[in-house]
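Reader: Please take me through one part of this model in detail. I would like the surfaces that face the DNA, and then what lies around them.

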There are 2 protein chains.
Amino acid sequence: MAKLAGVSAVTVSRALRQPGMVSAALRDRVDAAVSELAYVPDVAASRLASARTHSIGVIVSSLTNGVFADYLRALHDTLLPAGFQVVVFSSRYSSTEEEKAIATLIGQHPEAIIIAGIDQTPHARRLLERSGVPVIQTFELTDDPIDINVGLSQRQAGYSATRFLIDQGHRKIGYIAARLDARAHARMAGYNRAMEEAHLDVGGLVATTPRPSSVSVGGELLGDILDRRADLEALFCCDDNLALGALFECQRRNIPVPGQISIIGFNDLEFAACAHPPISSVATPRYEMGRLASEIVMRIIESGERPANRRIDVGFAIRERGSTLRRDRPQPLRALSE
Amino acid sequence: MAKLAGVSAVTVSRALRQPGMVSAALRDRVDAAVSELAYVPDVAASRLASARTHSIGVIVSSLTNGVFADYLRALHDTLLPAGFQVVVFSSRYSSTEEEKAIATLIGQHPEAIIIAGIDQTPHARRLLERSGVPVIQTFELTDDPIDINVGLSQRQAGYSATRFLIDQGHRKIGYIAARLDARAHARMAGYNRAMEEAHLDVGGLVATTPRPSSVSVGGELLGDILDRRADLEALFCCDDNLALGALFECQRRNIPVPGQISIIGFNDLEFAACAHPPISSVATPRYEMGRLASEIVMRIIESGERPANRRIDVGFAIRERGSTLRRDRPQPLRALSE
DNA sequence: GGAGCAAATGAAAGCGCTGTCAATTGGCAA
DNA sequence: TTGCCAATTGACAGCGCTTTCATTTGCTCC
């Protein structure tokens with residue numbers, strides 16, 4: 001390459017990275033040789049020599065779950081223009097794969113790591129701590145972040161969704177969840193807390209499966225509950241796919257939604273608002289969370305400046321739509337105010 | 001690291017890569033030091049020294065479009081167990097980003113590249129050709145592959161879906177598409193061909209948008225057509241998200257599906273089969289396609305053995321479901337057999 | 001008991017770049 | 001014309017590994 005352009009390797013490197021520092025003539029010669037050979041510099045060599053990778057490691061639970069779509073988009077939108085490469089790994093909801101992904105990632109020496117979730121294994125945690133780069137944990141909130149934490153309380157969100165249904169006048173409120181990752185558990189804990197607080201029985205009202213979440217699973221899980229509790233009044237679904245499946249299942253069984261069963265989903269994916277009826281959901285600011293995480297990371301890399309707070313709560317919001325309906329009750333719920 | 005274990009760097013390298021070649025005692029010392037330091041070898045140095053990256057580059061149009069989910073899963077399922085790392089880039093449906101992704105990827109020296117689509121820019125093509133590694137183009141079929149091509153004829157699939165509706169007795173058949181990438185265009189070409197062949201007019205029956213596909217866009221596009229053609233009888237949707245949106249829009253407008261309008265989608269995503277009514281769709285073997293591509297790649301890397309055919313058609317299949325209905329016509333369609 | 005060999009380990013070189021610093025060139029002031 | 005400085009370019013070393021080859025160790029076998 002350098003030979004073809006008739007210059008030294010150093011000049012090629014400079015012409016490509018800081019064109020302003022070489023004369024126009026040489027720059028042209030280099031450019032010509034580059035395009036002649038379809039030359040692409042070896043990042044491995046570059047990384048080794050410069051100790052910079054210009055890459056940010058990102059680990060998500062799934063590449064294909066709609067939940068990570070906006071989040072990943074935000075990361076790309078923010079980091080690419082700043083000259084960073086975004087290296088995405090999926091743990092596929094497996095701790096083992098997550099550990100592997102973290103190790104692989106660290107071997108690539110990203111300049112920061114943004115990882116979804118807070119439930120890393122002790123080994124994974126150690127790897128991250130020892131990596132020496134900023135680590136942002138996202139999606140959930142923890143009191144004990146590895147480094148920095150940008151997320152929301154999944155438990156609180158689950159509580160709020162359930163409480164929302166209770167406040168609407170529902171009593172026989174079901175909960176369905178698939179995959180059962182840490183976030184699903186946290187939401188369920190919130191559901192249980194809200195039900196317990198309202199002195200409502202959850203017997204037969206919960207259906208879960210370790211299978212991945214999907215629309216069809218949502219229908220099946222609702223079916224499981226209905227087999228036991230035909231008197232179901234409302235359903236909190238751990239995610240919007242399940243909610244959509246539950247909605248279809250109701251339509252299939254001629255159960256009016258929200259007339260007989262109210263349905264609320266989670267994450268407020270795009271389709272929720274335009275379903276028929278539109279599905280109520282808990283909106284989580286995933287794009288915002290990704291943007292925030294990227295900006296924190298870039299600030300640390302560029303100026304070493306760390307956020308004042310290691311723990312940033314991005315919150316959530318209940319989106320009330322047509323799939324949930326206020327139900328008038330003759331007698332008030334006892335002791336809900338405790 | 002080597003110092004802590006009291007051995008040479010070479011031994012560390014060997015203990016980690018070929019444990020069988022070092023004595024148990026040293027192996028234990030190395031392992032201890034590794035976990036003590038949370039040591040992870042530097043892939044850049046490794047790659048530079050060994051000229052092997054054990055990575056396969058993958059470029060898709062979108063990380064978050066459900067279409068790539070099964071495909072990526074297949075790639076991971078097949079390549080990870082074989083010891084390859086899967087490096088995924090998204091072109092985000094942009095030629096510019098695709099070029100950048102290809103360049104970045106080649107700088108990382110993957111051992112093969114699997115890229116979705118056949119419509120790379122000339123520059124991108126050159127980069128791929130010059131990279132010196134096997135390149136598999138997927139999802140579509142071309143007569144002029146860069147190297148190897150595993151896909152299906154999107155045009156043919158679009159033709160078949162339309163023809164399916166025609167054969168069901170429909171005449172006023174609409175087409176909606178979003179994003180308008182190469183595959184959407186190919187499907188539309190198939191639609192146009194089928195309509196033309198059947199001497200059916202497409203006036204006012206087509207609605208497209210450059211916006212990304214989504215469920216809500218599906219409803220809007222159907223609305224656009226209905227504004228012009230209230231007599232619409234059937235709708236071919238460029239993807240299942242649009243189809244779902246169209247279905248919801250019909251429900252919202254109290255238009256019976258399939259009673260008044262038949263709907264067929266494309267790709268047969270998971271939710272199509274469990275919608276209400278279940279949505280007919282064109283199933284594309286995406287998992288199979290990914291598996292095939294991986295296996296070809298691994299065979300080439302391991303033994304240099306290339307497939308007999310550079311162009312492999314994985315086909316497609318119409319899944320007939322409740323959203324499409326045979327419509328009886330008094331008079332037969334003229335000249336359909338031409 | 002010593003030659004011969006296999007197994008285990010280490011020393012040295014080098015992968016393709018970039019950081020550092022030295023060398024060269026040209027322009028301009030004195 | 002001479003000397004000095006800035007701009008431009010190149011030489012060299014080294015990033016952290018792995019490959020190759022040499023060395024050492026511990027056997028086996030005659």
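Author: The surface near DNA strand D divides into 13 nonpolar, 6 polar and 2 charged residues. This is a predicted model. Around DNA strand D there are 21 residues. Thr11(A), Ala49(A), Ser13(B), Ala45(B) and Ala49(B) come nearest. Both protein chains take part: α2 and α4 of chain A, and α2 and α4 of chain B, each supply at least two residues of this surface. The largest share comes from α4(B), with 5 residues.

Now the other strand. DNA strand C is surrounded by 21 residues. Here the closest are Ser13(A), Ala45(A), Ala49(A), Thr11(B) and Ala49(B). The elements that each give at least two residues to the surface near DNA strand C are α2 (9–17) and α4 of chain A, with α2 (9–17) and α4 (43–50) of chain B. For DNA strand C, α4(A) gives the most, 5 residues. By class, the surface near DNA strand C has 13 nonpolar, 6 polar and 2 charged residues.

Set the lists of residues side by side. Ala49(A) and Ala49(B) are among the closest to DNA strand C, and Ala49(A) and Ala49(B) are also among the nearest to DNA strand D. Ser13(A) is listed for DNA strand C, while Ser13(B) is listed for DNA strand D. Thr11(B) is listed for DNA strand C, and Thr11(A) for DNA strand D.

Next, the protein chains themselves. In chain A, 40 residues are in contact with 40 residues of chain B. On the chain A side, the elements that give two or more residues are α4 (43–50), α5 (67–79), β2 (85–90), α6 (95–107), α7 (122–131), α10 (215–228) and α11 (240–252). That side has 21 nonpolar, 13 polar and 6 charged residues. So α4(A) belongs to two settings, because it is on that list as a DSSP helix and also supplies residues near DNA strand C.

Two helices on that list, α6(A) and α7(A), also pack against each other. Their angle is about 15°, and their axes are 9 Å apart. That angle makes α6(A) roughly parallel to α7(A), because angles under 35 degrees count as such. The crossing of α6(A) past α7(A) is left-handed. From α6(A) come Glu98(A), Glu99(A), Ile102(A), Ala103(A) and Ile106(A). They meet His123(A), Ala124(A), Leu127(A), Leu128(A) and Ser131(A) of α7(A). By class, the residues of this contact are 6 nonpolar, 2 polar and 2 charged.

Terms used. Residues are numbered from 1 along each chain as its sequence is written. Chains are lettered from A and ligands numbered from 1 in the order in which they are written. This is a predicted model: local features need pLDDT of at least 70, side-chain atom pairs count only at pLDDT 80 or more; totals for chains, interfaces and linings use all residues. Two residues are in contact if their C-beta atoms, placed from the backbone, lie within 7 Å. Helices (H or I, at least four residues) and strands (E, at least two) are DSSP runs, numbered from the N terminus. Ala, Val, Leu, Ile, Met, Phe, Trp, Tyr, Cys and Pro count as nonpolar, Asp, Glu, Lys and Arg as charged, and the others, Gly among them, as polar. Axes are lines fitted to C-alpha atoms, for helices over the stretch in contact, and angles run from 0 to 180 degrees between N-to-C directions. Angles under 35 degrees count as roughly parallel, over 145 as roughly antiparallel, 65 to 115 as roughly perpendicular and the rest as oblique. A crossing is left-handed if the near helix is turned anticlockwise from the far one by less than a right angle, and right-handed if clockwise. A residue is near a molecule or strand if its C-beta atom, placed from the backbone, lies within 6 Å of it.
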